[in-house]
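Open your viewer and get ready to click along. Each stop tells you what to select and what is there.

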Amino acid sequence: QASTGQQAALIELKEKNSELEKINFELDRFVYSASHDLRSPLTSVLGLLYLLRVEVKEEGAQRYVDLMEESILKLDNIIRDIVAYSRNNRTELQIEAIQMKDLMADVETGLRYLESPGINIHESVKVENESVFPSDRNRLMTILNNLISNSIKYRHPARNPEINVSVEVGKELVILKIRDN
């Protein structure tokens with residue numbers, strides 16, 4: 001039997017755990033609400049930039065519209081990353097059979113707005129083996145999105161843009177290699 005001190009410690013531990021669960025729930029609600037409230041105006045500004053691009057034909061103005069759109073898309077990606085990070089910390093592992101070619105196609109689709117001149121993510125990806133492997137798809141996708149988007153964002157601007165992704169699926173492990181200039 002547990003002593004009175006152990007019982008009191010157990011009760012206190014349960015109360016603290018309940019408190020943490022409540023705080024985590026509130027934090028999740030805040031992140032969701034804040035991301036929604038921040039992304040809505042960004043979407044509106046992107047729509048207005050589209051209209052400006054259609055109406056104003058001056059080349060200099062088009063360049064500024066492009067720069068504004070690029071900045072807004074970067075901010076939108078930062079907000080998405082914050083939401084993904086928050087979700088990742090509070091989500092149970094969901095192990096499933098992963099087909100790497102399919103996963104990389106989804107990553108490519110998500111990063112299509114980050115591509116810059118000379119970089120074609122699709123041509124940069126080499127999958128060595130078609131075998132499936134067990135993993136958490138969402139977490140793996142988050143890792144790949146972060147690594148590849150960082151390669152795009154922080155590549156050496158004076159050199160030819162280059163990103164190479166290779167994936168080797170083995171019996172007991174997957175080797176991911178991401179190389180940029």
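## Stop 1: Val 54 and its patch

Val 54 is partly exposed, with a relative accessible area of 42%. Keep in mind from the start that this is a predicted model. Val 54 sits in helix H1, which covers residues 4–55. Now add Leu 48, Tyr 50 and Leu 51 to your selection. Together with Val 54, these residues make a nonpolar surface patch of about 410 Å².

## Stop 2: Salt bridges

How many salt bridges does a search of the whole structure find? The search finds eight. Visit some of them now.

Select Arg 29 and Glu 26. Their side chains meet in a salt bridge, at 3.7 Å from N to O. Both residues lie in helix H1. They are three residues apart, about one turn of the helix. Arg 29 is partly exposed, at 49% relative accessible area. Glu 26 also counts as partly exposed, at 37%.

Next, select Asp 66 and Arg 53. This pair forms a salt bridge, and the closest N and O atoms are 2.5 Å apart. Asp 66 lies in helix H2 (residues 59–89) and Arg 53 in helix H1, so the pair ties together parts that are 13 residues apart in sequence. Asp 66 is partly exposed at 38% relative accessibility. For Arg 53 the value is 23%, which also counts as partly exposed.

Stay on Arg 53 and add Glu 69. The side chains of Arg 53 and Glu 69 meet in a salt bridge too, at 3.2 Å from N to O. Here again distant parts of the chain are linked: Arg 53 is in helix H1 and Glu 69 in helix H2, 16 residues apart. Glu 69 is partly exposed, with 26% relative accessibility.

Finish this stop with Arg 39, Asp 76 and Arg 80. Salt bridges that share partners join these residues into one network.

## Stop 3: Asp 136 and Ser 135

Select Asp 136. This residue belongs to strand E3, residues 132–136. Is Asp 136 buried or exposed? Asp 136 is buried, because its relative accessible area is 5% and buried means under 20%.

What does the side chain of Asp 136 reach? It reaches the backbone nitrogen of Gln 94, at 2.8 Å. Now show the contacts of Asp 136, leaving aside neighbours within four places in sequence. You should find Glu 92, Leu 93, Gln 94 and Ile 95.

Step back to Ser 135, which also lies in strand E3. Ser 135 is buried, with a relative accessible area of 18%. Show its contacts, again without neighbours within four places in sequence. Ser 135 is in contact with Gln 94, Ile 95, Glu 96, Ile 98 and Leu 140.

## Stop 4: Strand E4 and its partners

Select residues 163–169, strand E4, and color the side chains by face. The side chains alternate along E4. Ile 163, Val 165, Val 167 and Val 169 point to one face and are buried. Asn 164, Ser 166 and Glu 168 point to the other face and are not buried.

Now add strand E5, residues 174–180. E4 and E5 run antiparallel, and seven bridges join them. Look for the hairpin between them: four residues take the chain from E4 to E5. Check two facing pairs. Ile 163 stands opposite Asp 180 in E5. Asn 164 stands opposite Arg 179 in E5.

Which strand pairs with E4 in the parallel sense? Strand E2, residues 125–127, does so over three bridges. Select Val 127 to see one facing pair: Val 127 stands opposite Val 167 in E4.

## Stop 5: A measure across the model

Select Leu 147, in helix H5 (residues 137–153). Leu 147 is partly exposed, with a relative accessible area of 42%. Now add Thr 43 and draw a line from C-alpha to C-alpha. The two residues are 25 Å apart in space. In sequence, Leu 147 and Thr 43 are 104 residues apart.

Key. Residues are numbered from 1 along each chain as its sequence is written. This is a predicted model: local features need pLDDT of at least 70, side-chain atom pairs count only at pLDDT 80 or more; totals for chains, interfaces and linings use all residues. Side-chain values use heavy atoms; hydrogens and water are left out. Helices (H or I, at least four residues) and strands (E, at least two) are DSSP runs, numbered from the N terminus. Buried means under 20% relative accessible area, exposed over 50%, partly exposed in between (1.4 Å probe, protein chains only). A polar contact is a pair of N or O atoms within 3.5 Å; within protein, one must be able to donate a hydrogen and the other to accept it, and residues adjacent in sequence count only if both atoms are side-chain atoms. Contact means heavy atoms within 4.5 Å. Two strands pair if DSSP finds at least two bridges between them. Patches are made of residues with over 30% relative accessible area and no salt bridge: like charges are joined within 9 Å, nonpolar side chains (Val, Leu, Ile, Met, Phe, Trp, Tyr) within 5 Å. Accessible areas come from the Shrake-Rupley method with a 1.4 Å probe; for residues, only the protein chains shown count as cover. A salt bridge is a side-chain nitrogen of Lys or Arg within 4 Å of a carboxyl oxygen of Asp or Glu.
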